[in-house]
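Here is a friendly walk through one model, from its overall fold down to its helix contacts and empty spaces. Keep the viewer open as you read.

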Amino acid sequence: MNKVLRRLFSRKIVLASALVLLLVLAVAVFFPMLSDADPGAISISERLNGPSMTHLAGTDELGRDVMLRIVYGARYSLAIGFVTAAGAVLCGTLLGMLAGFFRRLDAPLMRLVDAMMSFPDILLGIALVSILGVSLWNVMLALVIVYTPRVARVVRATTLVLRELLFVDAARALGVRTPRILLKHILPNLMSPILVQVTFIFAYAILAEAGLSFLGVGVPPDIPTWGTMIAGSLEYADKAFWTIFCPGLAIVLTALSLQMLGDGVRDLLDPKLKKAA
């Protein structure tokens, strides 16, 4: 385990990304437990005040502390990313394994996946949220649907290779049932690409939620995600740039850290790199 961690964090950018993610996660989980501050507390007399020792990231149009709202909003943004990544991986893995292992299902399932991927992510997300309705759970459901095809294509490509290998033929010759072959022989060998997809989709989901909220079809405005904070303060951007810059910086740092960590995991699990090492 120590050897794996040393290889993963041998690049300083990957280590820094992991530390940033740990910091964001720790603040999101533990700060609300240790503080009774209200992120929705309104103080009109302090509206649009710049960053200071009292309000590190300034205040918004209603006098609410921007930093406090970023901290509490991290819970929602990270939850959206986690649920989206988990849902997309579960659904995409199932579709990809079925399409890659069963030849009869390959064509119809992949045509469905191709049809979904023909739409830009944000447009498909807007359409789905418009149909489902604006709510936190509907946004997560829409994003799961949007990103499931990405996972399905990766899993299907790997499954096509795995099903032709000797250990699968040996299992079939021994009379092992198909469900057991999929769970015991195929699925464990899919974990490498799946882990990489988890980190990427986590980042994509956070960015997509911010984009949907910015366009007014995302999470309801009363839920302080980073995206709704930017959308709500857009008209004050020329007077109080910090109301957009600070939550935007949180989105960029988190998404970039996830991408860098995903690159590190991909390099660690790449068979070619293992041979070179």
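## Overall fold

Following the sequence from start to end, the protein chain reads α-α-α-α-α-α-α-α-α-α-α-α. The secondary structure comes to 12 helices and 0 strands. Please keep in mind that this is a predicted model. For setting up a view, the C-alpha trace spans about 75 × 45 × 30 Å along its principal axes.

## Helices α2 and α3

Two packed helices are described by the angle between their axes and the distance between the axes. Let's start with α2, which covers residues 12–34, and α3, which covers 66–101. Their axes come within 9 Å and cross at roughly 115°. That angle makes α2 roughly perpendicular to α3, and the crossing of α2 past α3 is left-handed.

Which residues of α2 and α3 meet? From α2 come Val24, Leu25, Val27, Ala28, Val29, Phe31, Pro32 and Met33, and they face Leu68, Val71, Tyr72, Ala74, Arg75 and Leu78 in α3. Sorted by class, this contact has 13 nonpolar, no polar and 1 charged residues.

## The second largest pocket

Val24 also turns up in an open space. The second largest pocket has a volume of about 360 Å³. It is lined by 14 residues, and those closest to its centre are Val24, Met67, Ile70, Ala250 and Leu253.

Three helices, α2, α3 and α11 (242–269), each supply at least two residues of this lining. Which helix gives the largest share of the lining of the second largest pocket? That is α11, with 5 residues. By class, the lining of this pocket has 13 nonpolar, 1 polar and no charged residues.

## Helices α5 and α6

Further along the chain, helix α5 (residues 121–132) packs with helix α6 (residues 136–162) at an angle of about 140°, and their axes are 9 Å apart. The two helices are therefore oblique to each other. Here α5 passes α6 in a right-handed crossing.

On the α5 side, the contact is made by Asp121, Leu124, Gly125, Leu128, Val129 and Leu132. The partners on α6 are Asn138, Val139, Leu141, Ala142, Ile145, Val146, Tyr147 and Arg150. Taken by class, the residues of this contact divide into 10 nonpolar, 2 polar and 2 charged.

## An enclosed space by α5 and α6

Rolling a probe the size of a water molecule over the atoms shows where empty space is left. How many cavities of 30 Å³ or more are there? The count comes to 1, and the largest cavity has a volume of about 40 Å³.

Several residues from the α5 and α6 contact return here: Asp121, Gly125, Val146 and Tyr147 are among the residues lining the largest cavity. The lining also includes Ile122, Leu143, Ala208 and Leu212. At least two lining residues are supplied by each of α5, α6 and α9 (191–214). In terms of class, the lining of the largest cavity divides into 6 nonpolar, 1 polar and 1 charged.

## Helices α7 and α8

Next come helix α7 (residues 166–173) and helix α8 (residues 178–186), whose axes come within 11 Å and cross at roughly 145°. The crossing of α7 past α8 is right-handed.

Phe167, Val168, Ala171 and Arg172 of α7 make the contact with Ile181, His185 and Ile186 of α8. By class, the residues of this contact divide into 5 nonpolar, 1 polar and 1 charged.

## A closer look at Gln259

To finish, try selecting Gln259, which is found in helix α11, the helix that gives the second largest pocket 5 of its lining residues. What does Gln259 touch, not counting residues up to four places away in sequence? The answer is Phe200, Ala203 and Tyr204.

For a handy distance check in your viewer, take Gln259 and Arg103, which are 156 residues apart along the chain. Their C-alpha atoms are separated by 34 Å.

Definitions and conventions:
Residues are numbered from 1 along each chain as its sequence is written. This is a predicted model: local features need pLDDT of at least 70, side-chain atom pairs count only at pLDDT 80 or more; totals for chains, interfaces and linings use all residues. Side-chain values use heavy atoms; hydrogens and water are left out. Axes are lines fitted to C-alpha atoms, for helices over the stretch in contact, and angles run from 0 to 180 degrees between N-to-C directions. Helices (H or I, at least four residues) and strands (E, at least two) are DSSP runs, numbered from the N terminus. Angles under 35 degrees count as roughly parallel, over 145 as roughly antiparallel, 65 to 115 as roughly perpendicular and the rest as oblique. A crossing is left-handed if the near helix is turned anticlockwise from the far one by less than a right angle, and right-handed if clockwise. Contact means heavy atoms within 4.5 Å. Ala, Val, Leu, Ile, Met, Phe, Trp, Tyr, Cys and Pro count as nonpolar, Asp, Glu, Lys and Arg as charged, and the others, Gly among them, as polar. On a 1 Å grid over the protein atoms alone, a cavity is a set of points where a 1.4 Å probe fits but cannot get out, and a pocket is an open set with protein on both sides within 12 Å along at least five of seven lines; lining residues have an atom within 4 Å of a point. Grid points are joined across faces, edges and corners, and a volume is the space filled by probe spheres set on the points.
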